[in-house]
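Colleague: Could you take me through one part of this model up close, the nonpolar core, and then show me how the rest of the chain sits around that picture?

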Amino acid sequence: MSYTQISDRVRDLRQSRGETGSTAFVGRTTIYDAFQPGRHRINPDLIADIVTVLGEDAEGAARWREYCIRARADETRRRRADTAALASAADENGVPPGAQTAAPALAARPSPRPADGDRDNWFTRTLGARGATLTLLTLIVICCALVNVSGSRLAVTFALPLYLDMIGTTIAAIAVGPWFGVAVAILSHSLGALALWEWQGLPFMIVNIVGALIWGYGVRSWRLGTTPLRYFLLSIIVAISCTIVATPIIILVWGGASINEGAQGIAANLLALGQGVIGAVLSANILTSIMDKLIAGFIAISVLPYVLAALPAHARGVEVIPSTMHARFPKLFAPVPYTADAYR
């Protein structure tokens, strides 16, 4: 559920209670701020309304409201204690009263709490935070490249009308960023060429790179990962874009004969029906590409929560897709909660 949807539902809830005008209105930014860590000025009534529209019953909402009230009281007591301690220390050290004014406010600010994914564990203790992050990102790129190579060989072995060479690219581009997806595309095609000693397939690396960029930026910049329908549309956009790039390569490099037997069979049937080479190759590729990218996208969002859970919080890409899919299809996309103990 997006922040805008939560805002709309809170407004509807308040209006159902008889509130009108500014008392019923709550902005999207206010909802967004309520979910951010380190908040001090907590509105218990707003929190109770938010958890209500997210599925809590009246008793659960009341508990959340009580949590907020206690948290505010604890924070007030802590601030007063810090101020009194600073004033006492200043008196003992002979600091002029005017020099104390700015100190309590600065000291009262809590030190930033590390995110769950950045908590200390054996991996970060051994390699350091930066080393652990770089190692995990490298392993993700390598594993995703191996997934691409394995999927491609599976499609060729069983003559499937699919490519299956962009599953790993999709996972990396969404989980950690489009340029990591580009790295997976380059590595997977390079590994495939070295393993089979067939360099003719290297031009299709461009197709994989295009897919990585559209998957990654589509989720981040174009917000095409916020709902299942938008994510489906993103898969179609990737399929069409890859087809536009792949068709000239098939015609110019391979003379119109696709290296995928399934796609080649479809193109041959279209040629037999009297369609031109360009039209046959384009039609066959768009059919196979749409199926292929839908499968890649579905597999990616299925494994994405596990990939994100293994990463430190600062290295994660987005979590909107698994959380959104869980809201729409809870039996299929159960969230993977991060616990520090699980990775110690």
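Modeller: In the largest nonpolar core, which has 39 residues, the members that touch the most others are W215, Y231, L234 and V238. Bear in mind that this is a predicted model. Five elements each give two or more residues to this core: α6, α7, α9, α10 and α12, the last of these running over 277-310. As background, nonpolar side chains in soluble globular proteins tend to be buried together.

Let's start at W215. Setting aside residues up to four places away in sequence, W215 touches M166, T170, A173, I174, Y231, L234, S235, V238, K293 and G297. That list includes Y231, L234 and V238, which stand with W215 among the members touching the most others in the core.

T170 shows up in that list too, and it's a handy second vantage point. T170 sits in helix α7, and it counts as buried because its relative accessibility is 0%, against a cut-off of 20%. Outside its neighbours within four places in sequence, T170 is in contact with W215, Y231, A296, G297 and A300. So if you centre your viewer on T170, you'll find W215 and Y231 in contact with it, along with G297, and G297 is also touched by W215.

The loops beside some of these helices are worth a glance for their backbone angles. Between α6 (122-157) and α7 (167-175) there is a loop that holds A159. A159 isn't a glycine, yet its phi is positive, near 50 degrees. With a relative accessible area of 35%, A159 is partly exposed. The loop between α9 (205-220) and α10 (228-254) holds R223, another non-glycine residue with positive phi, here near 55 degrees. R223 counts as partly exposed at 42% relative accessibility.

Now for the other core. A second, separate core has seven residues, among them V26, I31, L46 and I50. I31 falls within the range of α2 (28-34), while L46 and I50 fall within α3 (44-53), and those two helices are part of what covers the buried residues of α1.

That brings us to α1 itself. Helix α1 covers residues 3-16, and its 14 residues should span 20 Å at 1.5 Å a residue; the end C-alpha atoms are 20 Å apart, which agrees. Its buried residues are I6, S7, V10 and R14. Seen down the axis of α1, the buried residues fall within an arc of 100 degrees, so they line one face of the helix. After α1 comes G18, with a positive phi near 100 degrees.

The same part of the chain has some ring geometry you may like. A pair of aromatic rings is described by the distance of the centres and the angle of the planes. The structure holds four aromatic pairs. One of them joins Y3 and Y32 edge-to-face, with 5.3 Å from centre to centre and 90 degrees between the planes. This pair links distant parts of the chain, as Y3 is in helix α1 and Y32 in helix α2, 29 residues apart. Both rings belong to partly exposed residues: Y3 has a relative accessible area of 26%, and Y32 has 35%. Y3 also pairs with F35; their centres are 5.7 Å apart and the planes stand at 55 degrees, so this pair is tilted. Since Y3 lies in helix α1 and F35 in the loop between α2 and α3, the pair ties together parts that are 32 residues apart in sequence. F35 is partly exposed as well, with a relative accessible area of 40%. Taken together, ring pairs link Y3, Y32 and F35 into a cluster.

A quick word on cysteines: searching the whole structure turns up zero disulfides. C68 counts as buried at 7% relative accessibility, and C242 counts as buried at 1%.

Stepping back to the whole chain, its secondary structure comes to 13 helices and zero strands. Of its 344 residues, 37% count as buried. Among contacts between residues at least 6 apart in sequence, 65% join residues at least 24 apart.

Note on methods: Residues numbered from 1 in each chain as written. Predicted model: local features only at pLDDT ≥ 70, side-chain atom pairs only at ≥ 80, totals over all residues. Heavy atoms only, no water. Helix = DSSP H or I, 4+ residues; strand = E, 2+ residues; numbered from the N terminus. Expected span 1.5 Å × (residues − 1). Buried < 20%, exposed > 50% of the residue type's maximum accessible area, 1.4 Å probe, protein only. Arc of directions from axis to C-beta. Contact = heavy atoms within 4.5 Å. Disulfide = S-S within 2.5 Å. Phe/Tyr/Trp six-rings, centres within 6.5 Å; stacked < 30°, edge-to-face > 60°. Core = buried A, V, L, I, M, F, W, Y, C linked by side-chain atoms within 4.5 Å.
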